[in-house]
Amino acid sequence: MNKIKIKLNKNTFWYAIGSFTYAFSSILLTMVVVSFIGKEEGGIFNYGFSTLGQHFFILSYFGVRSLHIADIEKQYSFFEYKKHRECTSLASILILFIFLISCFLFNDYSLKKILILFILSSNNIFEGFMDVYDCEMQRKNRLDLTGKAIFFRIIIYDFVLITSIILFKNLFISIILALIAKILVAYITSFNKKFLFDDLKYNQNKIKNLFKESLPLFLTIFLDFFIFAISKYTIEYILGDIQNGYYAIYFMPSSLLFVFASFIIRPHIGALSSFYHSKSNKEYKNLRKKVYTQIIMLSLLLLLIISLSLKISLPILDYFTSYAYKDMHNTSKIIIILSTIAGMFYSLSSLAYYILVIKNKQKSILYIYIFIFILSICLSLYFVNEYGIIGASIAHITIMILLFLALFWKESSITKEERM
């Protein structure tokens, strides 16, 4: 077969811009909410937008992304993927409603907090639904349209939300207006793309089979996000919304690094899959090594930049959080450095995960994640109880290292078996 050349073109450029905008959004919005509305609602916002909402995003898209973008032979039509996503999105709304009602009745959540969390999580569920359009554009080799759609959805949402917060000083009204704006933008950038609807036929049995095929991946991805965010959940549970808002800002390098790493990983998934299934062992081995190396180099570069810029960035963070005291700067530095290193291991884990998916080892992945999930709960509860916010950082980096080692060991052992 002809060699597949990976190069930075307009497709990957727009995808990088869109993904960066998506990542930076949570950083910007959390700072704005904390500054203009207060630390308590800032903590609620971050919990709803970046933690709880992300779980319902995962439930909505149900782990189908990796199957969809790799389905070059069109085992399933776009309409079948879309029908599948409609089912998962509606189910997500129903589960979210039941979950928040139970929190209101049994966990002493205020009605205001419930309403804010519902709108924020609904925003993420909508993003999960829109992902089916993004995936189809990528499957049709229009990653540039995927990037543009993500970029404009996020940039308009952020603009409306920030403007509304400044004008009304009301988080609930602001997130409703921002969600309405996002839906209107989605209609322009995605819903009316006629080339996506080249096949309106769908088979009910194939949709059922798609649920069956994607279930192990959904469970894995759901556990994956919980494992990544367990330290934030634990702080919200033990220390409360205000401390969670502080930690969320210092936690951001980990999330940001993963987003940057996704610029490297995702455009190469198709090539890795093609090389592997066509038995192009040399090309597959070289590309695999190249992507691992690029992630490590990117991580070290970001770690260096963050380390050198702490003297400038910490006072800025202090201004938004009002958290640092004279004796807190060393602790803040440690948390940020640990968060960045943890992001590197999480990014490496993501690559190992995709490689195992390419090799159809979904069950092996699931077993690993179940083990790490149980371990992550124990570690986070212990370290947060004993050491507070810095304990959460220690637990986070420990969990990310263990996750990477487990996935990389499994991926490497399978590779050795295939060579025998």
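Student: Let's start with Arg139: buried or exposed?
Tutor: Bear in mind that this is a predicted model. The relative accessibility of Arg139 is 9%, and the cut-off for burial is under 20%. Arg139 therefore counts as buried.

Student: Which residue meets the side chain of Arg139 in a salt bridge?
Tutor: The N to O distance in this pair is 2.9 Å. The partner is buried, with a relative accessible area of 1%. The two sit three residues apart in helix α5, so about one helical turn separates them. The partner of Arg139 is Glu136.

Student: Which residues are joined into one network by salt bridges that share partners?
Tutor: Here the link comes from shared partners. The four residues joined this way are Glu127, Asp134, Arg153 and Lys182.

Student: How far apart are the closest N and O atoms of Lys182 and Glu127?
Tutor: This pair links distant parts of the chain, with Lys182 in helix α7 and Glu127 in helix α5, 55 residues apart. Both Lys182 and Glu127 are buried. Their closest N and O atoms are apart by 3.0 Å.

Student: What separates Glu86 and Lys83 along their helix?
Tutor: Their side chains form a salt bridge, 4.0 Å from N to O. Glu86 is partly exposed because its relative accessibility is 24%, and Lys83 is partly exposed too, at 26%. Since they lie three residues apart in helix α4, the separation is about one helical turn.

Student: How many salt bridges does the structure hold?
Tutor: Side chains of opposite charge can pair when their charged atoms come close. Here, the structure's salt bridges number 13.

Student: Which helix gives the largest share of the nonpolar patch?
Tutor: The patch has about 930 Å² of accessible area together, and its members include Phe97, Ile101, Phe106 and Leu115. Two elements give two or more residues each, α4 (78-106) and α5 (111-139). Leu115 is in α5 and, at 37% relative accessibility, is partly exposed. Seven residues, the largest share, come from α4.

Student: What is the handedness of the crossing between α2 and α5?
Tutor: The axes of α2 (residues 39-61) and α5 come within 7 Å and cross at roughly 40 degrees. Their contact has 13 nonpolar, eight polar and five charged residues. The crossing is right-handed.

Student: What share of the 420 residues is buried?
Tutor: The protein has twelve helices and zero strands. Residues count as buried at under 20% relative accessible area. Of the 420 residues, the buried share is 57%.

Terms used: Residues are numbered from 1 along each chain as its sequence is written. This is a predicted model: local features need pLDDT of at least 70, side-chain atom pairs count only at pLDDT 80 or more; totals for chains, interfaces and linings use all residues. Side-chain values use heavy atoms; hydrogens and water are left out. Patches are made of residues with over 30% relative accessible area and no salt bridge: like charges are joined within 9 Å, nonpolar side chains (Val, Leu, Ile, Met, Phe, Trp, Tyr) within 5 Å. Accessible areas come from the Shrake-Rupley method with a 1.4 Å probe; for residues, only the protein chains shown count as cover. Helices (H or I, at least four residues) and strands (E, at least two) are DSSP runs, numbered from the N terminus. Buried means under 20% relative accessible area, exposed over 50%, partly exposed in between (1.4 Å probe, protein chains only). Axes are lines fitted to C-alpha atoms, for helices over the stretch in contact, and angles run from 0 to 180 degrees between N-to-C directions. A crossing is left-handed if the near helix is turned anticlockwise from the far one by less than a right angle, and right-handed if clockwise. Ala, Val, Leu, Ile, Met, Phe, Trp, Tyr, Cys and Pro count as nonpolar, Asp, Glu, Lys and Arg as charged, and the others, Gly among them, as polar.
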